[in-house]
Amino acid sequence: MNAAWNLFLTFFRIGLMSIGGGYAVIPLIREQVVEKNGWISEKMFTDILTISQMTPGPLAVNTSTFVGLQIGGVKGALSATIGCVLCGTVISLLLYRFFQTHKNSVYVLEVLNGLKSASTGMIISAAFTIILLALYGTNQPEADWLSFNRTALFLLIAMLFLSRKWKLPPILIMLISGIAGLLCYG
């Protein structure tokens, strides 16, 4: 039960700070489960993140569920998921009520603009984390150039080209990427 409680508290705090959505909270989840608590490895986190992006549902919730499942089984998955969702649900209900009351306030609109900027920065940080993990196998900016993964860069460019040139649906891009990854790394 201790592991389930620790997962709940950790993901409750993550849920409390998850302004900006799933991609914005990826660095925070990584920090908590990989660096601070050491529950899973960097590789496992990357794998969980990949699976979370391919499954239906919000990214942060999927990631918390998979991390919880890995650490504490079904109890861990439930604890992490409830912890992640609880704060967001309560805060969303309170914010809805607040914005309904103050929807014409110039100050509230300016606060929202500030939150949009902060959220954008967090999403960019998450993108850099994912790119570094994919191309170098680490999230450290001072990554060794010798560990650069040229195959991952080629796949990234190829999938960007396919998605832009022929406007392929994301599920097809993920399927092609999975097959290419299996061929290149399997």
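In this predicted model, Asp47 forms a salt bridge with Lys43, and the closest N and O atoms of the pair are 3.1 Å apart. Both residues belong to helix α3, where they are four residues apart, about one turn of the helix. Asp47 is partly exposed, with a relative accessibility of 32%, whereas Lys43 counts as exposed at a relative accessible area of 57%.

Salt bridges that share partners also join Arg30, Glu35 and Glu42 into one network. Within this network, Arg30 pairs with Glu35 at a distance of 2.5 Å between the closest N and O atoms, and Glu42 forms a salt bridge with Arg30 in which the closest N and O atoms are 2.8 Å apart. Because Glu42 lies in helix α3 (residues 42-54) and Arg30 in helix α2 (residues 22-36), this pair ties together parts that are twelve residues apart in sequence.

As for the surroundings of these side chains, Arg30 has a relative accessibility of 4% and therefore counts as buried, the cut-off being under 20%. Glu42 is likewise buried, as is Arg30, while Glu35 is partly exposed, with a relative accessible area of 46%.

The structure holds three salt bridges, listed here with the distance between their closest N and O atoms.

| Salt bridge | Closest N and O atoms |
|---|---|
| Arg30 and Glu35 | 2.5 Å |
| Glu42 and Arg30 | 2.8 Å |
| Asp47 and Lys43 | 3.1 Å |

Notes. Residues numbered from 1 in each chain as written. Predicted model: local features only at pLDDT ≥ 70, side-chain atom pairs only at ≥ 80, totals over all residues. Heavy atoms only, no water. Salt bridge = Lys/Arg side-chain N within 4 Å of Asp/Glu carboxyl O. Buried < 20%, exposed > 50% of the residue type's maximum accessible area, 1.4 Å probe, protein only. Helix = DSSP H or I, 4+ residues; strand = E, 2+ residues; numbered from the N terminus.
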